[in-house]
Every structure is written in C-alpha cells, then in structure tokens.
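Colleague: I've got the chain up on my screen and would like to talk it through with you. Can we go strand by strand, then look at the charged pairs?

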Amino acid sequence: MDNSYLINNMEQMLVDIYKIKDIEAIYYSDLISSVSQERRITIIPCLSIRYDGGKFLSLCSKDKYFDVFVKKVFAVYNLEKNRIVMDHELDPFSLHAHILIDDNAKVLLESGDLTKVNKSYAFYHGKKGYSESLLFLKDVFKMHLPLIEYHLKQLLSLYNISISFCSDELRGYRKNYTLDYKVDGLDDFLYLEIERMDNRELIVKIRSLNNHFKPLVLHTRFNNSNLTTSISSFDEKLYCVNKYSLSNENGVVNTYDVHQNNESIAYYNMLLDKVDNPYENLANIDQTSKLIWFKLPWNAFYGFSRQMSLISDNESIVNANNKYLSVGDNEFMIREYASHYYQRIKSMTTNATYVVMDEIGKTVRGIPLSHEDNIYLIETAFDHMLGSSGYYENNLDSRYFYHLVESDNGILGINSDNLVSISSEDDIIMPADLLIKDDVKRLLKR
C-alpha cells in the first residue's frame, strides 16, 4: 500500500516571486498609453524589477500573480530601500548607491493603488472558495422554471394551444425531470431533459407525455449585454427567438422573431417598462450599485448602468454593469456581468482602441435550507474570464463562495449585513453537510 503524500507543486512563477531579494531597480510603465496630456490615468500597469545579481521579472495587471508580485516588491523595497547597492557594471562610479526606482513606481507602490481590490468583488476578498458547487442540480434547474414556462406558453399560443402550470414541483434527478401542467384544461406532464446548464447557458429538451406538441429544444444564453432565449423544433422546422438587449436610448428592448419553414410568422420589437426594483436588497447583496431596472415578462428584472469618465476628446474610461434578477416562491437567482474598459475613438492622429482593464462574471443563487427555521444558503459562482485582472484569475476564477443567513421575512429580509461566510474550514465539505441543522445553526451563531 502506498502511504506517500500527494504534493501539489507550487507554480514556478509564484516560487520566483516569493524568492525576490536584493532589489537593484524598480520600474513602472503603462502598457496602453493615454494620448491625453491633461489627465494621466493608469490603464494596464506593469511593474518590472532587476534583483538578486541581475535577475529580471516583469508582470502586468493581467498576469495571474500581479497582486502578489506587487505586495512582495513593496515589502522587500521597504526592507531594503536604505541598503547600499553596489553595481559596478551599470554604475561604475557608484553614483546611485541605493535602489533605483522611478517616481511613478514609488508613488504607486507607497499608495497601494496597484493592489486595490475592485469593488465588484471586494466582498469576497480574503474568503475561501470551493472548486465545485455545493448546490444540488435540481435546485439550480428549478430557478429557471419561470423563464421556461413563460417562453413555452408564448410559443404554443401561436398554435392556439393553451397551457398552465399548477405548481413548480419537479420530480426526477440528475438531468431528467418531469413537471405537471395542463393542456387546454387536460392533465399532462412535461419531460425535461437538461443537455447543458452552467452559469451562462441552459439547454433543455421539452416533450409532452401525450404528444400535445412536437419535441422542443429551449436554449437560454446570458450574454454580456443581453439575454437570449430561443425555442426550436426540428420536426416543425420552427425557430423562435426572444432577445432582451440594451438599446442606445438607455432602455431594454425585447425583440421577438419566429420563423417556420424559413418564413417569418411572428415578429415584434418593443421597449420594456422601466420599474423600481422591489428586491434591491438582493440586487445589492454583495455590493452597492445603482442600476436602471426593467420588468421582464415573467417574475424577473433586468438592470444596467453605464458610467463614463472622459480623459480627452476621444478617450474615456467606462464602467458597465448588467444584472438579471429572477425571483421564485422562496428562492432567487442573479446573473451579473461587469466590466471596466478604456476606449479611444479613431481620429486624424490616433487609431481606435478598446481595452478591457478588468471584467467580472458571476451568478448568485439563494435557496432555503429549512422552511421551518427560515435559513437560506447563498451561493456565488464566478465565471472563468479571459479578460479579467490577475487578482480575479488568482482568487475568484471558477470558484464558488457560500454564505448562510437567517431571515424571518423570507428573501426580503436577506441583505449583505446578515450574511455569514462559510467554507471547508467549517467542516462543510459536501452538499449533505448543509442538511445537518444543528451544525448550520451553530455556524449562524458564531
């Protein structure tokens, strides 16, 4: 029997960072230079050092361990800044007896600006996440039922088929479920087979037990600036799409388009109603943001904000935030995308440029663990993002974070102030651990 330990080797880059010593020079640069002379702004910071007898290391904010690198450089610099540096090759006359550091690097290191945590994920800073979800697949799928039911009703109404749902009680397990409903007043039930379900996408096959309609495939996609749901039928040569997207007039437009046999049979384009969000406590569960909200045709809302900061006549920094909020009987789901980007329009002297400085994609889900005790589990699942910062990649990318909360007022009583963070260090290792009431109550009383 092999009793040896399994050792996870540290990445070489991280080893190199932790071994930094005897710094000789520190340099700062910006990989994307602003053309404006009126206002200087850091877009993609890059820090470089020469150390330990001529070694060189350079990382920018897009690199995985940039924040660790900056903190290590700052710590070593503070320890060594008064150290005499003897470099006869680069400084034969010893004109620079101390660490060489440019003014920008010194200001940014000492101010801490290079390691400030984006407010969009500051709530999770220092918390321990999981590599896999603790939620049961059935609980996650149930949160999509209002969207599925609405779009299915809408499509079948084109064929004068009236359906209604008596409850959202799912039966089944893994990727196969059934749901009771009525067709023109007659009892029937749906077969629902999940083909794909993640934070951004849902694909589900829908069939009627008594064949009241041909099999359908519903596909929902949460994109960066819109929500798209389509339903297709191979047998009927049918394709129906609902797109809810941001318009140039600061609104959300619903475009409905149905084709059958390559011919258009239904179409409309309409602006959704602007509303006050009755669930601001949920929308601001992990950060405070002011969004403009619009009511979707089921019990859900779509909100967005755009904040532009001008650098010059043709340059700007934009902060964008989009949220989808769906509320069920006693659960909720938030799908969010936020980005921080630099844009420069084309002019006589410059080319157009678009650079994502940082971006975030996450899904927050809340479900009741116990109806009797009004205890809820909140899951935050961060997406894998290619354009995110090094901090995001190192600490949040593809990670799941969990909080417990006790609320006597249901989901309306949930807010960021009463959330209790939990992790594997609390002996919550698998989903079944959350079903032990005494342990959950103990964690809430910490």
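## Strands, surfaces and salt bridges

Modeller: Let's start with a hairpin: strand 17 and strand 18 form one, with two residues between them. Bear in mind that this is a predicted model.

Colleague: How many bridges pair strand 17 with strand 18?

Modeller: Strand 17 covers residues 300–312, and strand 18 covers residues 315–327. One pairing to look at is Phe301, whose bridge partner in strand 18 is Leu325. The two strands run in the antiparallel sense, and the number of bridges is 12.

Colleague: And which residue in strand 19 is the bridge partner of Lys323?

Modeller: Strand 18 is joined to strand 19 (residues 332–344) by 13 bridges, again antiparallel. A hairpin of four residues links them. Opposite Lys323, the partner in strand 19 is Glu336.

Colleague: Is Ser326 buried or exposed?

Modeller: Ser326 sits in strand 18, where 12 of the 13 residues are buried, so the strand is largely enclosed by the rest of the structure. Beyond its sequence neighbours within four places, Ser326 touches Met143, Asn299, Ala300, Glu331, Phe332 and Met333. Buried means under 20% relative accessible area, and at 3% Ser326 counts as buried.

Colleague: Over to the open sheet of four strands. Which strands stand at its edges?

Modeller: The strand order is 3-2-1-4, with mixed pairing. An edge strand here has a single partner, so one side is left without a neighbour in the sheet; that applies to strand 3 and strand 4.

Colleague: Which residue in strand 2 stands opposite Ile26?

Modeller: Strand 1 (residues 23–30) and strand 2 (residues 45–51) run antiparallel, joined by seven bridges. Ile26 faces a residue of strand 2, and that residue is Ile49.

Colleague: How far apart are the closest N and O atoms of Glu24 and Arg50?

Modeller: Side chains of opposite charge can pair when their charged atoms come close. Glu24 and Arg50 form a salt bridge, linking strand 1 to strand 2 across 26 residues of chain. Glu24 counts as buried at 10% relative accessibility, and Arg50 does too at 13%. Their closest N and O atoms are apart by 2.6 Å.

Colleague: What accessible area does the nonpolar patch with Phe56 have?

Modeller: Phe56 lies in strand 3 and is exposed, with a relative accessible area of 54%. Tyr27 and Leu100 join Phe56 in this surface patch, and together the accessible area is about 290 Å².

Colleague: Which residues share a salt-bridge network with Arg196 and Asp198?

Modeller: The side chains of Arg196 and Asp198 meet in a salt bridge of 2.8 Å, N to O. Arg196 is partly exposed at 40% relative accessibility, and so is Asp198 at 28%. Salt bridges with shared partners tie this pair into one network with Glu201 and Arg221.

Colleague: Last one: with which side chain does His259 make a polar contact of 3.5 Å?

Modeller: His259 lies in strand 13 (residues 252–260) and counts as partly exposed at 30% relative accessibility. Leaving out its neighbours within four places in sequence, His259 is in contact with Lys237, Leu238, Tyr239 and Ser264. The polar contact of 3.5 Å joins the His259 side chain to that of Asp257.

Terms used. Residues are numbered from 1 along each chain as its sequence is written. This is a predicted model: local features need pLDDT of at least 70, side-chain atom pairs count only at pLDDT 80 or more; totals for chains, interfaces and linings use all residues. Side-chain values use heavy atoms; hydrogens and water are left out. Buried means under 20% relative accessible area, exposed over 50%, partly exposed in between (1.4 Å probe, protein chains only). Contact means heavy atoms within 4.5 Å. A polar contact is a pair of N or O atoms within 3.5 Å; within protein, one must be able to donate a hydrogen and the other to accept it, and residues adjacent in sequence count only if both atoms are side-chain atoms. Patches are made of residues with over 30% relative accessible area and no salt bridge: like charges are joined within 9 Å, nonpolar side chains (Val, Leu, Ile, Met, Phe, Trp, Tyr) within 5 Å. Accessible areas come from the Shrake-Rupley method with a 1.4 Å probe; for residues, only the protein chains shown count as cover. A salt bridge is a side-chain nitrogen of Lys or Arg within 4 Å of a carboxyl oxygen of Asp or Glu. Two strands pair if DSSP finds at least two bridges between them.
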